[in-house]
Amino acid sequence: MSADDVIQAHVKALKEGTVRARSLAQTLLNVPYGEGDGEKLDVYIPSTSSLDVDLVIYLHGGYWQFLSKEESGFMAVPLVDKGVVVVAVDYDIAPKVLSFSLALSFTNGHFVCTGLSGLYLCGHSAGAHLAAMVLSTDWSQYSVTPQIKGALLVSGIYDLLPILSTYVNDPLKMTEEVALRNSPSKFVSQLKHSSSDCHIIMAVAENDSPEFHKQSEEYYKALEASGLNVSMENVANTDHFNIIEQLVDEEYHLTKLLLKMMGKG
């Protein structure tokens with residue numbers, strides 16, 4: 001398959017999974033959490049009488065430049081079946097300003113009022129980068145401090161400096177200063193302060209590129225050296241795309257790990 005065909009197949013798989021999730025779960029769609037055009041989220045709700053629920057926020061990839069919540073609900077079906085609320089977040093894609101922290105504040109604040117026993121993050125590729133930045137956020141500037149219990153970071157980017165000289169940076173136009181300011185690998189000490197109780201699972205696909213392997217391994221080692229609760233998964237027989245696509249399957253390794261993290265495995 002050509003590169004374009006691979007991307008098209010990936011988008012198709014995610015879209016089909018999202019359509020299926022919307023047909024099987026209760027949903028609240030296009031819920032605004034900010035003023036921007038892209039600042040909306042979709043909520044996938046389980047059929048449960050419990051007042052205390054676990055909630056997973058999913059942050060999509062796409063090199064901060066494409067994909068949306070319309071392709072981000074695919075993982076909801078196996079989680080909703082276990083009584084987990086899933087929130088698929090849209091954010092203004094580059095070169096607009098990313099405002100995903102507002103989504104976390106909004107979601108956490110809403111579900112604290114209605115009953116939230118555990119808040120978890122999941123992100124793929126650029127979404128894993130965003131999730132790692134959320135874990136490193138200084139929440140003193142916000143009106144809420146989320147108690148994030150766990151995070152699944154899948155095939156993520158944790159050091160933006162290598163991107164500066166690639167085609168990915170053509171529309172982003174990142175400077176070295178901006179890249180450093182937005183590299184999770186530079187904020188491990190802040191993450192230790194703000195998310196010390198968070199269980200972090202880092203995953204990389206067996207057939208991911210060497211750079212994804214390098215970044216995941218280096219970030220994992222940095223978190224481990226800081227005494228954080230972190231584990232590393234090299235997922236066999238997967239590539240950069242199907243490693244996340246398979247979260248539609250309740251028997252998939254990463255689905256099981258995510259549910260186990262919530263005490264539902």
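## Reading a strand in the middle of things

Mentor: Let's start with a pairing in this predicted model: strand E3 lines up with strand E4 (residues 84-89) in the parallel sense, over six bridges.

Trainee: Okay, so which residue of E4 is the bridge partner of Leu-55?

Mentor: That's Val-85.

Trainee: And how many bridges does E3 make with strand E5?

Mentor: Seven, again in the parallel sense, and E5 covers residues 116-124. Look for Asp-54 there: it stands opposite Gly-118 of E5.

Trainee: How do I read burial, and how many residues of E3 are buried?

Mentor: A residue counts as buried when its relative accessible area is under 20%. In E3 (residues 53-59), seven of the seven residues are buried, so the strand is largely enclosed by the rest of the structure.

Trainee: Which residues sit on each side of E3?

Mentor: One side has Val-53, Leu-55, Ile-57 and Leu-59, while the other has Asp-54, Val-56 and Tyr-58. Both faces are covered.

Trainee: Zooming out, how many helices and strands does the chain have?

Mentor: There are 10 helices and eight strands. The radius of gyration is 17 Å, close to the 18 Å that the globule rule gives for 265 residues, so the chain is as compact as a globular protein of that length.

Trainee: What percentage of the chain's residues count as buried?

Mentor: Across the 265 residues, 52%. Then check how far apart in sequence the contacting residues are: among contacts between residues at least 6 apart, 76% join residues at least 24 apart.

Technical notes. Residues numbered from 1 in each chain as written. Predicted model: local features only at pLDDT ≥ 70, side-chain atom pairs only at ≥ 80, totals over all residues. Heavy atoms only, no water. Helix = DSSP H or I, 4+ residues; strand = E, 2+ residues; numbered from the N terminus. Rg over C-alpha atoms; globule rule 2.2 N^0.38 Å. Buried < 20%, exposed > 50% of the residue type's maximum accessible area, 1.4 Å probe, protein only. Contact = heavy atoms within 4.5 Å. Pairing = 2+ DSSP bridges.
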